[in-house]
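Work through these exercises with the model open. Each task is followed by a stepwise solution.

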Amino acid sequence: MTASILAGAKPADDDLERRAYGKVFWRLVPFLMLCYVIAYLDRVNVGFAKLQMGQDLGFSETVFGLGAGIFFLGYFLFEVPSNLLMNKVGARIWIARIMITWGLLSACFMFVKTPTSFYVLRFLLGLAEAGFYPGVILYLTHWYPAHRRAKIIAVFMSAIPVAGIFGNPLSGWIMDAFHGVSSLQGWQWMFLVEAVPAVLIGLVVLFYLDNGIAKAKWLDADEKKLLAREVELDQQFGQRGPHSVAGVFKDARIWWMALIYFSFVMGQYALTFWLPTLIKTTGVKGNLNIGLLSAVPFLCAIVAMNLFGRSADKRRERRWHLIVPALMGAVGFIVAASYTRNTAVSLAFLSLAAAGVLTCAPLFWSLPTAFLSGTAAAAGIAAINSVGNLAGFVSPYLIGYLKDATGSTQVGMYVLAGALLVGAIAVWLTPKQLVNR
């Protein structure tokens with residue numbers, strides 16, 4: 001934040017505040033959502049490819065689960081360095097780099113023939129994409145103070161259910177419509193077609209994103225002063241947190257946050273990777289039909305995410321706005337696991353589970369960003385996200401292993417419910433004075 005912007009900042013009237021934040025929202029949030037829709041689709045479309053890919057290549061449920069999860073090992077290794085580099089070179093260049101490289105790698109999945117090539121590409125995809133999500137969370141802290149973030153992050157993370165709503169039917173349609181064209185399987189066409197937008201939007205990022213308030217030519221001087229003052233005051237409050245990268249790793253609160261996030265991510269990625277298979281298990285036939293029904297839980301999630309996000313900011317209360325959706329997710333998994341042969345009941349409670357687990361993710365980030373700022377925020381957000389996202393390795397592999405061992409997804413879904421319960425208890429034990437801002 002430049003001194004020239006901060007100098008002379010005055011209390012702004014409501015009209016100026018509404019105008020400034022309105023400009024920021026419409027300039028940044030829809031575009032970042034589009035980027036994340038593409039990112040998330042390329043990350044989890046392997047769950048849909050499995051419907052054909054596993055049979056064509058002879059992959060077991062365990063092979064698929066390990067391949068789906070190994071993405072997060074690469075993600076884990078490069079997460080903190082990626083966020084620190086973004087903090088140094090700026091969001092514009094770094095987010096563009098991430099999108100272009102992951103798009104190219106995602107297209108390469110059409111050439112997978114063996115479990116080894118599947119594992120290697122999933123690992124490299126994790127390396128390429130590492131830093132995108134925590135980078136965006138960090139980027140939003142440069143524009144929004146803490147008391148506005150839950151709603152904004154919830155809107156941004158609506159990209160996850162949007163990716164499910166549109167991506168699952170799209171994936172199913174591509175796999176059915178293009179199957180056999182030019183001697184390629186439907187799943188090969190799906191990987192190729194869905195990789196193209198990542199590269200194209202990555203190029204657009206270079207010309208569209210601004211690295212911060214001072215660089216935004218679409219804001220006038222008074223709007224810049226207002227926004228800079230709000231962020232500056234918020235960062236002063238964040239000085240309660242660690243002041244260096246080394247301090248981040250010594251702070252017990254960071255590891256407590258990582259535990260909470262790990263618990264929630266267990267449910268999130270098990271749902272997004274395995275939802276098409278869970279729907280198919282109930283007796284639904286046809287990839288397009290599976291894709292259409294798979295969109296229903298995500299429609300429920302997008303409503304819940306934004307309602308909870310608005311309520312959390314309005315009341316400046318964070319803990320119970322996380323505990324309630326975590327318990328919703330646990331109940332949803334338990335009941336859905338008990339009715340795996342009943343499409344209507346299973347879909348209804350998978351929708352409850354989706355509404356719960358996908359609401360947890362955006363609201364969670366109101367907790368650590370309440371006490372992190374500066375370089376420590378870059379390292380802290382990345383550290384929490386990288387450790388928490390190891391659950392993205394554990395949960396798909398665990399579900400696949402348990403399904404092979406028991407012939408059912410039931411036990412795995414009970415485990416997921418237990419993980420969400422652990423997360424809810426950990427949030428309840430977090431001091432409210434630390435996070436309620």
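**Exercise 1. Classify the packing of helix 9 and helix 10 from their axes.**

Step 1. Locate the pair in this predicted model. Helix 9 covers residues 159-177, and helix 10 covers residues 186-208. Helices here are DSSP runs (H or I, at least four residues), numbered from the N terminus.

Step 2. Read the geometry. The two axes come within 8 Å and cross at roughly 130°. Axes are lines fitted to C-alpha atoms over the stretch in contact, and angles run from 0 to 180 degrees between N-to-C directions.

Step 3. Apply the classes. Under 35 degrees is roughly parallel, over 145 roughly antiparallel, 65 to 115 roughly perpendicular, and the rest oblique. Helix 9 and helix 10 are therefore oblique to each other.

Step 4. Add the hand. The crossing is right-handed (the near helix is turned clockwise from the far one by less than a right angle; anticlockwise would be left-handed).

Step 5. List the contact (heavy atoms within 4.5 Å). Helix 9 brings Gly 167, Leu 170, Ser 171, Ile 174 and Met 175. Helix 10 answers with Gly 186, Trp 187, Trp 189, Met 190, Val 193 and Glu 194.

Step 6. Sort by class. Seven residues are nonpolar, three polar and one charged. Ala, Val, Leu, Ile, Met, Phe, Trp, Tyr, Cys and Pro count as nonpolar; Asp, Glu, Lys and Arg as charged; the others, Gly among them, as polar.

**Exercise 2. Describe how helix 13 packs on helix 18.**

Step 1. Helix 18 spans residues 391-406, and helix 13 spans residues 252-281. Their axes lie 8 Å apart at about 50°.

Step 2. That angle makes helix 13 oblique to helix 18. The crossing is right-handed.

Step 3. Helix 13 contributes residues including Phe 262, Met 266, Tyr 269, Phe 273 and Trp 274. Among those of helix 18 are Val 394, Leu 398, Ile 399 and Lys 403.

Step 4. The tally is 12 nonpolar, four polar and one charged.

**Exercise 3. Check the length of helix 14, then its packing on helix 13.**

Step 1. Helix 14 has 29 residues (287-315). The expected span is 1.5 Å times one less than the number of residues, so helix 14 should span 42 Å. Its end C-alpha atoms are 43 Å apart, which agrees.

Step 2. Look past the end. Arg 316 follows helix 14, with a positive phi near 50°.

Step 3. Helix 13 and helix 14 pack at about 125°, axes 9 Å apart. That makes helix 13 oblique to helix 14.

Step 4. The contact includes Leu 275, Pro 276 and Ile 279 of helix 13 and Leu 293, Pro 297 and Phe 298 of helix 14.

**Exercise 4. Judge the confidence of the model.**

Step 1. Mean pLDDT (the predictor's confidence in each residue, from 0 to 100) is 86, and 94% of residues reach 70 or more.

Step 2. Over residues 1-12, pLDDT is below 50. Where pLDDT is low, the predicted coordinates should not be read in detail.

**Ground rules.** Residues are numbered from 1 along each chain as its sequence is written, and side-chain values use heavy atoms, without hydrogens and water. In this predicted model, local features need pLDDT of at least 70 and side-chain atom pairs count only at 80 or more, while totals for chains, interfaces and linings use all residues.

Conventions. Helices (H or I, at least four residues) and strands (E, at least two) are DSSP runs, numbered from the N terminus.
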